[in-house]
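Got your viewer open? Load the model shown here, and we'll go through it one selection at a time.

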Amino acid sequence: MKKRKNILCCDWRKERFSIVEGEKCFSNTILYKHKGNFTWRGIRKEKYKLLGKGWTNIIRQTLIGSHGETAKFHVRYFEIAPGGYSSFEKHRHEHVVVGIRGKGICIAGKKKFSIGFLDTAYIAPEDSHQLRNPFKEPFGFLCIVNAKRDRPKIVTGN
């Protein structure tokens, strides 16, 4: 019995060949190579939200979740420029936020805390929350959420 070794590829849509006897195989494994400055090859910067107000100076990059993956979660990188903030909102789905650049402030429920490098916050369902950057450097974080999730509801009075 011959052992097969599949070639990893950066674009899961492209057909690949196994090393043994040149047989066809399809690999769903994806690698998005970090290019530096918190950008990834094959990932585009997007507006934080297409519509609405109550947020400023924030961008999003969807690392996992919009490229045909079957994962039950999405991984997004958000970056908030100095003085920026996300919308103050709540929803039924939960979040995990991992700080990877600079530092920021998280307001969740009745709590307010600082998030720095590799600090990890769990934001519970229905907790009103907002992420802010009152500092002089960009605040970047990974945000992991359910792939299927409800739309946020804007909360007034933060």
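Start by selecting H93 and D150 and showing their side chains: the two make a polar contact at 2.8 Å. Keep in mind throughout that this is a predicted model.

Stay on H93 and switch on the cartoon. H93 lies in the loop between β8 (89-90) and β9 (95-101). Is this histidine buried or exposed? H93 has a relative accessible area of 6%, under the 20% cut-off, so it counts as buried.

Now bring up the neighbours. Leaving aside residues up to four places away in sequence, H93 touches P125, V145, N146, R149 and D150. D150 is thus on the contact list as well as being the polar partner of the H93 side chain. For a backbone view of this spot, pick the C-alpha atoms of H93 and A147: they are separated by 9.7 Å, with their positions 54 residues apart along the chain.

Next stop, the aromatics. Select every Phe, Tyr and Trp ring; a search of the whole structure turns up six aromatic pairs. Zoom in on Y48 and W55. Why is this pair edge-to-face? The ring centres are 5.2 Å apart and the planes meet at 70°, which is over the 60 degrees that edge-to-face requires. Colour the two by accessibility: Y48 is buried at 8% relative accessible area, whereas W55, at 21%, is partly exposed.

Then move to F139 and F141, another aromatic pair, this one tilted, with 5.1 Å from centre to centre and 35° between the planes. Both of these phenylalanines are buried. Add F78 to the selection and you have the complete set: Y48, W55, F78, F139 and F141 form one aromatic cluster.

Two charged side chains are worth a click as well. Select K103 with F135: the charged end of K103 sits over the F135 ring, 4.5 Å from its centre. Then select R132 with Y85, where the charged end of R132 sits over the ring of Y85, 4.8 Å from the centre.

Finally, zoom out to the whole protein. How many helices and strands does the secondary structure have? The count is zero helices and 15 strands. Of the 158 residues, 37% count as buried. Residues 24 or more positions apart supply 57% of the contacts with a separation of 6 or more. Turn on the surface to finish: its accessible area comes to about 10400 Å², and 55% of that belongs to carbon and sulfur atoms.

Definitions and conventions: Residues numbered from 1 in each chain as written. Predicted model: local features only at pLDDT ≥ 70, side-chain atom pairs only at ≥ 80, totals over all residues. Heavy atoms only, no water. Phe/Tyr/Trp six-rings, centres within 6.5 Å; stacked < 30°, edge-to-face > 60°. Buried < 20%, exposed > 50% of the residue type's maximum accessible area, 1.4 Å probe, protein only. Lys NZ or Arg CZ within 6 Å of the ring centre and 35° of its normal. Helix = DSSP H or I, 4+ residues; strand = E, 2+ residues; numbered from the N terminus. Contact = heavy atoms within 4.5 Å. Polar contact = N/O pair within 3.5 Å; in protein donor to acceptor, adjacent residues only side chain to side chain. Areas by Shrake-Rupley, 256 points an atom, 1.4 Å probe, with all protein chains shown as cover.
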